[in-house]
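Here is a short briefing on one protein model. Keep the sequence and the 3D view side by side as you read.

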Amino acid sequence: MGKKAIQFGGGNIGRGFVAEFLHQSGYEVVFVDVVPQVIESLSNNKSYNVTEISDEGEKTKTITNYRAISSKTDEPEVVKELATADVVTCAVGPNVLKFIAPVIAKGIDAREADRPLAVIACENAINATDTLRGHIEGHLDKARLDTLLKRARFANSAIDRIVPNQPANAGLDVRIEKFYEWVVEQTPFGEYGHPDISAIHWVDHLEPYIERKLFTVNTGHATAAYYGHNAGKKTIHDALADEKIHKAVHDALDETAALIIKKHGISKEEQKEYVDTIVQRISNPYLEDIVERVGRAPLRKLSRKERFIGPAAQLAELGMKYDALLGSIDKALRFQNVEGDAESFELSKILQEKSAAEATKQLTELETDHPLYRDVLRLVEKVQSEFESM
Ligand SMILES: NC(=O)c1ccc[n+]([C@@H]2O[C@H](COP(=O)([O-])OP(=O)(O)OC[C@H]3O[C@@H](n4cnc5c(N)ncnc54)[C@H](O)[C@@H]3O)[C@@H](O)[C@H]2O)c1
Ligand SMILES: O=P(O)(O)OC[C@@H](O)[C@@H](O)[C@H](O)[C@H](O)CO
């Protein structure tokens, strides 16, 4: 039997990145999603195109050898597929991990194969696979938990490739940047060895890679998005063409660079090169990446371990500078009532209904004696009073 991978999420990254490389490595891909149109479209079309766009032009690859199943209507089928698969990946959003865990748990419990299922969550979050594993363990057969690692191995990953929202008439095709990086822990696979997926850079310690990615690509990206949204810009490219926003992004990345260099022993020169590449990537005019996509889900982005509070808290603990990150947090707090973004409405509600202290606690989970707390509290107070007087 050939190799089989189950991919939860037939969205931008699912189709445009994860499935592309699973396909390239010889896997049959079974997409699992909950949106009927996604399932229908994948089931009715035997191929789709992934087009890389850069200033060197366009390059198209055709993806085939996939199927699609709805976990909403065909859960038993999903369980069967998981029981006989080699790999399960997901790109559904960090807040959705708890919803896909029960069916994955059933699939793991049903396994009789010699090799364990490789579980790799491909989300923008620190240790997303560990989070998924926590949810899965809550649904597994308790009596067999001690032998779980015979049936599944869990590896964290860092995934980097910009996939903007696709045009409404694009169907399954995905337009995507050329650059990609997919880094995954190899130690969890132990004696079995890691699965054979050609695009993956396997490492023993993921933290430097995931922190560098989240606190550079995503901190810079989100800074451009929130400043851009505030200034009425349409795309990240437009935002970065504005001198003030360009400087705000560089200033924020100077601060996260200082943390990454100190914490992970990456050289100043290497980090500068990385930052320059990132700013160039997110400025890509061909991507037409809108600020609303990049700023989406502000509650998640303002949370404790995420792209702003995460590095700012660590810098504050080290007595290092984080003023520019406060500027990004200030703009993020203003990403309110954005059409199509439920969290932006919730953010507005929290800031209207809660005291500054309650809102700061709920949004950031910062401890009141944390060295960053007072600065964020002041920003929350400022945004609340400005919005009140509007
Ligand atoms: N787009 C990017 O540039 C990019 C890059 C790197 C990482 N990521 C990360 O990848 C993840 C997905 O992002 P995206 O841009 O592909 O989003 P997306 O909205 O395009 O895709 C998400 C998909 O998940 C599906 N889904 C939702 N709930 C589900 C469920 N319970 N079961 C199965 N499928 C479900 C949705 O229907 C959708 O098809 C996020 O964590 C994001 O941070 C995105
Ligand atoms: O996906 P999010 O919402 O965590 O962040 C939005 C973008 O910054 C993100 O999708 C980037 O495009 C991606 O992380 C690039 O690798």
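Strand β7 is covered on both faces in this predicted model. On one side sit L117, V119 and A121, and on the other sit A118 and I120. Each of these residues is buried.

**Strand β7 and its cover**
- Strand β7 spans residues 117–121.
- How many residues of β7 are buried? The count is 5 of its 5, so the strand is described as mostly covered, with 20 or more other C-beta atoms within 10 Å marking a buried residue.

**Strand β7 and its partners**
- On one flank, β7 pairs with strand β8, residues 152–155.
- The two strands run in the parallel sense, and 4 bridges hold the pairing.
- Look for L117 in β7: A152 of β8 stands opposite.
- Strand β7 also pairs with β6, again through 4 bridges and again parallel.
- Two residue pairs show this contact: T89 stands opposite I120, and C90 has A121 as its bridge partner.

**Strand β6, between β1 and β7**
- Strand β6 covers residues 87–90.
- Is β6 buried or exposed on its two faces? Both faces are covered.
- V87 and T89 are buried on one side, while V88 and C90 are buried on the other.
- Strand β6 also joins strand β1, residues 3–8.
- These two run parallel and share 4 bridges.
- Find F8 in the view: the bridge partner of F8 in β6 is C90.
- C90 therefore appears in two pairings, with F8 and with A121.

**The crossover from β6 to β7**
- Which helix takes part in the β-α-β unit with β6 and β7? The helix is α4, residues 97–109.
- The unit is right-handed.

**The shell around ligand 1**
- Ligand 1 is surrounded by 26 residues.
- The closest are G9, G11, I13, E123 and N124.
- Three elements give two or more residues each to this shell: α1 (12–24), β2 (27–33) and α4.
- Helix α4 is thus a link to the crossover, where α4 joins the unit with β6 and β7.
- Which element gives the most to the shell? That is α1, with 3 residues.
- By class, the shell holds 15 nonpolar, 8 polar and 3 charged residues.

Note on methods
Residues numbered from 1 in each chain as written. Chains lettered and ligands numbered in written order. Predicted model: local features only at pLDDT ≥ 70, side-chain atom pairs only at ≥ 80, totals over all residues. Buried ≥ 20, exposed ≤ 12 C-beta atoms within 10 Å, placed from the backbone. Right-handed = clockwise from strand over helix to strand, strands pointing away. Near = placed C-beta within 6 Å. Nonpolar A, V, L, I, M, F, W, Y, C, P; charged D, E, K, R; others polar.
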